[in-house]
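Biologist: Hey, can you walk me through this protein? I'd like to start with the overall picture and then poke around for empty spaces.

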Amino acid sequence: MQRKNFTEVAEFIFLGFSIFGNHQITLFVVFLTTYIFTLTGNIIVMTVICIDCHLRTSMYFFLSMLSSSETVYTLVIIPRMLSGLIFYNQPISLGSCATQMFLFVTLAANNCFLLTVMGYDRYVATCKPLMYTVLMNKGACARLVCGSFGTGLAMAVLQVTAMFNLPFCGTVVDHFFCDIFPVMKLSCIDTTINEIINYGVSSFVIIVPVVLVFTSYILIISSILKIPSAGGRKKTFATCASHLTVVVVHYSCAAIAYLKPKSENAIEKDLLLPVTYTIITPMLNPVVYSLRNKEVKDALRRAVGRNIS
């Protein structure tokens with residue numbers, strides 16, 4: 001009933017990077033290059049894991065799932081962002097905006113929980129090596145992946161349903177995609193309930209995985225310190241270093257973006273942070289796992305060698 005008191009908004013327009021004026025073409029080239037690199041890197045990681053029998057373990061199964069999720073995640077946001085840098089003031093319908101937000105929240109939450117699952121995998125491999133094949137069998141891995149995705153879906157349904165039951169008065173989104181806070185600002189009514197829902201969902205999606213991951217790593221480090229040889233300690237820690245690097249960057253960006261109080265959140269003015277978690281962080285996954293992981297590098301060499309021969 002409340003909606004009838006307001007003019008119905010049918011579409012939004014992204015303000016995007018218009019504040020950069022003539023530099024938008026430069027940004028287009030930089031972001032396009034980064035996007036191509038990200039797509040290529042993730043596709044290479046997924047392909048190598050798929051074709052190399054040495055990488056058919058739960059660790060690399062989870063990595064391929066993360067790469068797949070990151071690939072779709074970037075497809076949801078970056079192509080339209082690039083289009084907005086060339087063709088200004090392109091409208092997006094309310095339905096398309098809701099779809100983009102739904103996919104964004106689903107995949108972002110899925111990525112958070114996949115990183116948690118990968119931390120659990122490293123914990124089992126390091127602290128319970130004799131039970132590894134039993135605890136991390138194919139069925140268990142599939143359930144963990146489905147649980148991560150299912151949690152993401154549930155969070156997205158809650159967020160998007162609450163968001164698009166609001167009446168909107170504004171039409172200009174001060175952002176380059178349908179993110180939660182910029183769209184919420186366009187509502188005609190008080191959004192306290194939506195803010196509570198957002199902080200609740202964000203806290204669950206960020207804080208719970210962080211606690212679980214770092215608990216895993218406390219146990220992993222204590223186990224590593226018990227290894228008598230320096231070489232053994234170094235080798236064991238090397239298998240966790242790539243994951244830990246991605247975890248720190250990923251959760252740091254997410255926490256800064258979604259757990260800061262509204263009065264301190266400058267996401268509508270400062271585009272640097274959204275660029276980081278939509279463009280830079282997805283690129284980090286293939287870079288870190290390709291350059292810092294000996295098994296992936298060896299698999300790449302084998303794949304290249306087979307193609308050359």
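Modeller: Sure. This is a predicted model. With 309 residues, a compact globule would have a radius of gyration near 19 Å, and the protein has 21 Å, which agrees.

Biologist: What box do the C-alpha atoms fill?

Modeller: Taken along the principal axes, the box is roughly 70 × 45 × 30 Å.

Biologist: And how many helices and strands are there?

Modeller: There are ten helices and three strands. Going along the sequence, the pattern reads β-α-α-β-α-α-α-β-α-α-α-α-α.

Biologist: OK, on to the holes. How do you even find them?

Modeller: Rolling a probe the size of a water molecule over the atoms shows where empty space is left.

Biologist: Nice. How many cavities of 30 Å³ or more turn up in the whole structure?

Modeller: Four. The largest cavity holds about 310 Å³ of space. It is lined by 22 residues, and the closest to its centre are Phe104, Ala108, Ala109, Ala254 and Tyr258.

Biologist: Which elements give two or more residues to that lining?

Modeller: Helix 2, helix 3, helix 5, helix 7 (192-224), helix 8 and helix 9 (272-291). Helix 3 gives the most, with six residues.

Biologist: How does the lining of the largest cavity divide into nonpolar, polar and charged?

Modeller: You get 15 nonpolar residues, six polar and one charged.

Biologist: Let's switch to pockets. What's the volume of the largest pocket?

Modeller: About 480 Å³. The largest pocket has 21 lining residues, with Tyr60, Lys235, Ala238, Thr239 and Glu295 closest to its centre.

Biologist: Which elements are behind that one?

Modeller: Those giving two or more residues to the lining are helix 2, helix 3 (94-127), helix 8 (230-258) and helix 10 (294-308). Helix 8 has the largest share, five residues. As for residue types, the lining of the largest pocket has seven nonpolar, eight polar and six charged.

Biologist: What about the second largest pocket, how much space lies in there?

Modeller: About 280 Å³. The second largest pocket is lined by 14 residues, and Arg56, Thr57, Ser58, Phe61 and Lys138 lie nearest its centre.

Biologist: Which element supplies the largest share of that lining?

Modeller: Helix 2, with four residues. At least two residues each come from helix 2, helix 4 (132-135) and helix 5 (138-163).

Biologist: And the mix of residue types in the second largest pocket?

Modeller: Seven nonpolar, five polar and two charged.

Biologist: Last topic, the outside. Which residues make a nonpolar surface patch?

Modeller: Ile25, Val29, Ile86 and Phe87 do, and the patch is about 360 Å².

Biologist: Where is Phe87 found?

Modeller: Phe87 sits in the loop between helix 2 (58-86) and strand 2 (91-93). So you've met helix 2 before, since helix 2 lends residues to the lining of the largest pocket and to the lining of the largest cavity.

Terms used: Residues are numbered from 1 along each chain as its sequence is written. This is a predicted model: local features need pLDDT of at least 70, side-chain atom pairs count only at pLDDT 80 or more; totals for chains, interfaces and linings use all residues. Side-chain values use heavy atoms; hydrogens and water are left out. Patches are made of residues with over 30% relative accessible area and no salt bridge: like charges are joined within 9 Å, nonpolar side chains (Val, Leu, Ile, Met, Phe, Trp, Tyr) within 5 Å. Accessible areas come from the Shrake-Rupley method with a 1.4 Å probe; for residues, only the protein chains shown count as cover. A salt bridge is a side-chain nitrogen of Lys or Arg within 4 Å of a carboxyl oxygen of Asp or Glu. On a 1 Å grid over the protein atoms alone, a cavity is a set of points where a 1.4 Å probe fits but cannot get out, and a pocket is an open set with protein on both sides within 12 Å along at least five of seven lines; lining residues have an atom within 4 Å of a point. Grid points are joined across faces, edges and corners, and a volume is the space filled by probe spheres set on the points. Ala, Val, Leu, Ile, Met, Phe, Trp, Tyr, Cys and Pro count as nonpolar, Asp, Glu, Lys and Arg as charged, and the others, Gly among them, as polar. The radius of gyration is taken over C-alpha atoms; the globule rule is 2.2 Å times the number of residues to the power 0.38.
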